[in-house]
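Okay, thanks everyone for coming. I'd like to walk you through one structure today, starting with the ligand and then moving on to the spaces in the protein.

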Amino acid sequence: MKREWSSRLTFILAAVGSAVGLGNIWKFPYITGEYGGGVFIFAYLVCICLIGLPIMLAEIALGRRGKQSPVNTMFQLSQEAGAHPAWSILGWSGMVAGCLILSYYSVIAGEVMAYSFRASSGVFNHQSVDGVKGILTSLVSDPEKLLAWHTIFMALTVVAVARGVKGGIEKAVTFLMPALFVLLLVLVGYAMNSGGFEQALDFMFTPDADKFFYARNGLGEYLMDAEGEKIFTWKPMMVAMGHAFFTLSLGMGAIMMYGSYLNRHVSIGQMALVIVTLDTVVALLAGLAIFPLVFANGLNPAAGPGLIFETLPLAFGNMAGGTFIGTLFFVLLFFAALTSAISLIEPTVAWLIESKGLRRIKAAVWTGAVIWFIGLATIFSMTGTTIGDITENLLSWVGFSDTELKAGFFKYNLFQIIEFFTASIMLPIGGLLIAIFSGWVMHQDSTEREFSFRSRYVYPVWQVMVRYVSPFLVFMVFLNIFDILEF
Ligand code: TRP
């Protein structure tokens with residue numbers, strides 16, 4: 001990759017490309033459904049404003065000042081501030097988090113690719129709810145298919161990163177993202193007439209604190225303790241906060257990396273605002289497209305990671321031009337996933353080039369191979385033979401089915417554990433460190449100069465946020481970490 005973006009537009013495009021992806025369209029609806037709607041969305045939006053936006057500003061500024069991969073940027077900035085070089089640990093944990101996230105991201109992106117072919121063959125036409133579920137089951141219960149698609153997606157990611165990501169991202173995002181946006185609007189339009197729209201609005205925007213704060217199983221039923229009381233849990237709060245980081249690509253150095261290719265003269269504040277707004281709008285639109293279908297067809301909003309694959313095909317199968325629109329939608333979603341995947345792997349690749357002297361191609365291939373291997377964990381978590389409530393597979397010893405009321409962390413399968421650990425633990429810790437570093441450790445004039453906000457009121461607000469508000473919120477949520485180990 002060239003050392004600088006060709007224009008400030010390219011940076012916005014790349015950052016939006018990184019932020020908008022499966023997080024918005026696959027993950028946001030499924031976790032919103034799992035954690036009960038209204039309160040979850042509210043918590044997520046609060047985290048976006050109070051934690052996401054200020055940390056987005058900080059990450060861009062740090063990256064632009066350091067001009068290297070996150071490990072070396074953090075090393076250099078800590079020297080500059082006279083702080084301990086151990087701050088570069090932020091870069092290290094970011095590389096680990098990025099690779100772990102991509103390992104399952106790629107499997108889901110593979111499913112998206114599989115669905116573009118399914119859509120184009122017309123199999124969704126006039127399908128019933130059960131038919132659509134069957135199509136999903138036939139995919140996810142077949143490890144060989146998942147493996148093939150995962151392999152293809154990882155290979156494409158490696159090729160894109162090896163060639164230097166700039167040109168490709170620019171094209172993908174300028175044409176394909178707006179097209180995805182338009183298709184989402186079409187889907188929302190369809191959903192408005194599906195008969196479930198009001199219920200969906202109610203679900204998404206009417207707060208129901210019980211559904212958020214009390215533990216429920218995969219069928220949406222409340223769990224009860226020995227005394228027959230509902231069980232209070234902070235896990236949804238951790239998931240909501242973790243998702244604010246995940247969807248904005250924050251907390252592991254991806255945005256820092258992209259910031260390092262950014263030219264001195266652009267206003268970081270405006271760009272952060274644009275990225276955050278677009279990302280949030282896309283997620284809400286995805287919710288508005290999917291939940292009406294859930295309610296109109298009597299589906300379970302808490303169906304889990306398969307939610308988009310169980311709902312959207314119903315719309316494509318029943319709308320005019322659905323074969324075309326459905327194919328296009330999954331193809332565009334694939335591109336959105338690809339531009340996100342690139343940003344997950346780029347910090348590691350850039351570090352291998354900078355510090356180990358590898359050629360870009362070699363760095364990309366090695367990193368990709370390691371991630372591909374870790375991805376097998378997700379594949380085997382998802383596939384297997386289900387007998388009663390228990391799914392048996394290679395990884396059965398770490399995983400039990402969702403509906404089984406086994407207490408303790410190991411009721412989750414390895415995919416769920418990796419997903420929670422990266423998004424809800426590693427990213428917030430990374431974000432906490434970024435906030436503390438930029439708010440307390442770096443010299444005030446370096447951050448102030450880096451931002452050069454036009455209005456003099458903005459800097460103090462940002463400073464209060466990264467010094468007090470964001471760390472406090474992350475800390476508060478983390479105080480309850482031991483409670484979630486149980487449920
Ligand atoms: N934000 C992307 C999405 O919503 C995923 C992603 C890309 C990401 N880069 C990241 C998540 C860095 C966390 C950290 O799909």
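**The ligand and its surroundings**

Let's start with a contact: one of the ligand's nitrogen atoms is 3.2 Å from a polar backbone atom of threonine 247. Before I go on, please keep in mind that this is a predicted model.

There are two other polar partners to point out. At serine 249 the side chain takes part, with an N or O atom 3.0 Å from a nitrogen atom of the ligand. At leucine 22 we're back to the backbone, where a polar atom is 3.1 Å from an oxygen atom of the ligand.

So how much of the ligand does the protein bury? On its own the ligand exposes 360 Å², and 100% of that is buried by the protein.

Now the shell. The ligand is surrounded by 17 residues, and the closest are Ala19, Gly23, Tyr105, Phe246 and Ser343. Sorted by class, this shell has 9 nonpolar and 8 polar residues, and no charged ones. If you want to find the shell in the fold, look at helix 1 (8-19), helix 2 (22-34), helix 5 (89-120), helix 11 (235-247) and helix 15 (322-356), since each of them supplies at least two of its residues.

**The cavity**

Where does the ligand sit? It's in the largest cavity. Searching the whole structure turns up 1 cavity of 30 Å³ or more. The volume of the largest cavity comes out at about 140 Å³.

Its lining is made up of 18 residues, with Ser18, Tyr105, Phe246, Ser249 and Leu344 nearest the centre. You've already heard two of those names among the residues closest to the ligand, Tyr105 and Phe246. For the lining of the largest cavity, the split is 11 nonpolar, 7 polar and no charged residues. Helix 1, helix 2, helix 5, helix 11 and helix 15 each give at least two residues to this lining.

**Another pocket**

Last stop, the second largest pocket. Its volume is about 360 Å³. Here 18 residues form the lining, and those nearest the pocket's centre are Leu57, Gly269, Gln270, Phe453 and Val458. Helix 3 (38-66), helix 13 (268-296) and helix 19 (458-478) are the elements that contribute two or more residues to that lining. And the classes for this pocket: 12 nonpolar, 5 polar and 1 charged.

That's my tour, happy to take questions.

Key
Residues numbered from 1 in each chain as written. Predicted model: local features only at pLDDT ≥ 70, side-chain atom pairs only at ≥ 80, totals over all residues. Heavy atoms only, no water. Near = heavy atom within 4 Å. Polar contact = N/O pair within 3.5 Å; in protein donor to acceptor, adjacent residues only side chain to side chain. Areas by Shrake-Rupley, 256 points an atom, 1.4 Å probe, with all protein chains shown as cover. 1 Å grid on protein atoms, 1.4 Å probe; cavity = no way out; pocket = protein on both sides within 12 Å on 5 of 7 lines; lining within 4 Å. Sits in = over half its atoms within 2 Å of the grid points. Helix = DSSP H or I, 4+ residues; strand = E, 2+ residues; numbered from the N terminus. Nonpolar A, V, L, I, M, F, W, Y, C, P; charged D, E, K, R; others polar. Points joined across faces, edges and corners; volume = space filled by probe spheres on them.
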